[in-house]
Amino acid sequence: MPFASQILGVDAHILADAVVRAYESRAKNPPEEGFSKDALLARQEILTGACETLADPDLRMEYNDSLAQDEVETIMVDVPFSKVLIEF
């Protein structure tokens with residue numbers, strides 16, 4: 001199962017405003033052919049869910065916590081504090 005950041009085509013540490021821009025870009029540019037109407041609607045729902053999860057600080061924290069608890073499927077990487085982006 002892909003991560004929300006992979007669905008939007010962004011890095012996992014990206015800020016909320018960039019998440020929304022990535023969502024808008026993907027939502028505006030659906031595949032032109034080869035997909036049913038139902039498949040395109042499902043794609044939109046998946047993109048929306050990924051955006052809502054990563055753009056909302058509370059949902060993102062809950063999502064990140066759930067990833068940390070899934071030791072089998074999630075690769076955890078220690079990042080030095082100096083490399084962590086902080087929103088103000």
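The legends below describe close-up views of a predicted model.

**View 1. Helix α4 and the span between its ends.** Helix α4 runs over residues 57-69, and its 13 residues reach 18 Å from the first C-alpha to the last, close to the 18 Å expected at 1.5 Å a residue. At the N-terminal end of α4, D56 acts as a cap, with a side-chain oxygen that lies 2.9 Å from the backbone nitrogen of D58.

**View 2. The buried and exposed faces of helix α4.** The residues R60, Y63 and L67 of α4 are buried. Seen down the axis of α4, the buried residues fall within an arc of 65°, so they line one face of the helix. An α-helix has 3.6 residues a turn, so residues three or four places apart point the same way. The buried residues of α4 pack against three other helices, namely α1 (4-8), α2 (16-28) and α3 (37-55), whereas the face turned away from the buried side carries the exposed residues D58, M61, E62 and Q69.

**View 3. The surroundings of R60.** R60 lies in helix α4, and this residue counts as buried because its relative accessibility is 12%, where the cut-off for buried is under 20%. When residues up to four places away in sequence are not counted, R60 touches A12, H13, I14, L15, A16, V19, T53 and L54.

**View 4. Helix α3 and its buried side.** The 19 residues of α3 should span 27 Å at 1.5 Å a residue, and the end C-alpha atoms of this helix are 27 Å apart, which agrees. The buried residues of α3 are L47, A50, C51, T53 and L54. These buried residues cover an arc of only 165° around the axis, which puts them on the same side of α3. What covers the buried residues of α3 includes α1, α2 and α4, while the exposed residues K37, D38 and E45 are carried by the face of α3 turned away from the buried side.

**View 5. The largest nonpolar core and the contacts of V19.** The largest nonpolar core has 14 residues, of which L8, V19 and L54 touch the most other members. The elements that give two or more residues to this core are α1, α2, α3 and α4. Leaving aside neighbours within four places in sequence, V19 is in contact with L8, I14, C51, L54, A55 and R60, and in this list L8 and L54 appear again, the residues named with V19 as touching the most other members of the core.

Terms used. Residues numbered from 1 in each chain as written. Predicted model: local features only at pLDDT ≥ 70, side-chain atom pairs only at ≥ 80, totals over all residues. Heavy atoms only, no water. Helix = DSSP H or I, 4+ residues; strand = E, 2+ residues; numbered from the N terminus. Expected span 1.5 Å × (residues − 1). Buried < 20%, exposed > 50% of the residue type's maximum accessible area, 1.4 Å probe, protein only. Arc of directions from axis to C-beta. Contact = heavy atoms within 4.5 Å. Polar contact = N/O pair within 3.5 Å; in protein donor to acceptor, adjacent residues only side chain to side chain. Core = buried A, V, L, I, M, F, W, Y, C linked by side-chain atoms within 4.5 Å.
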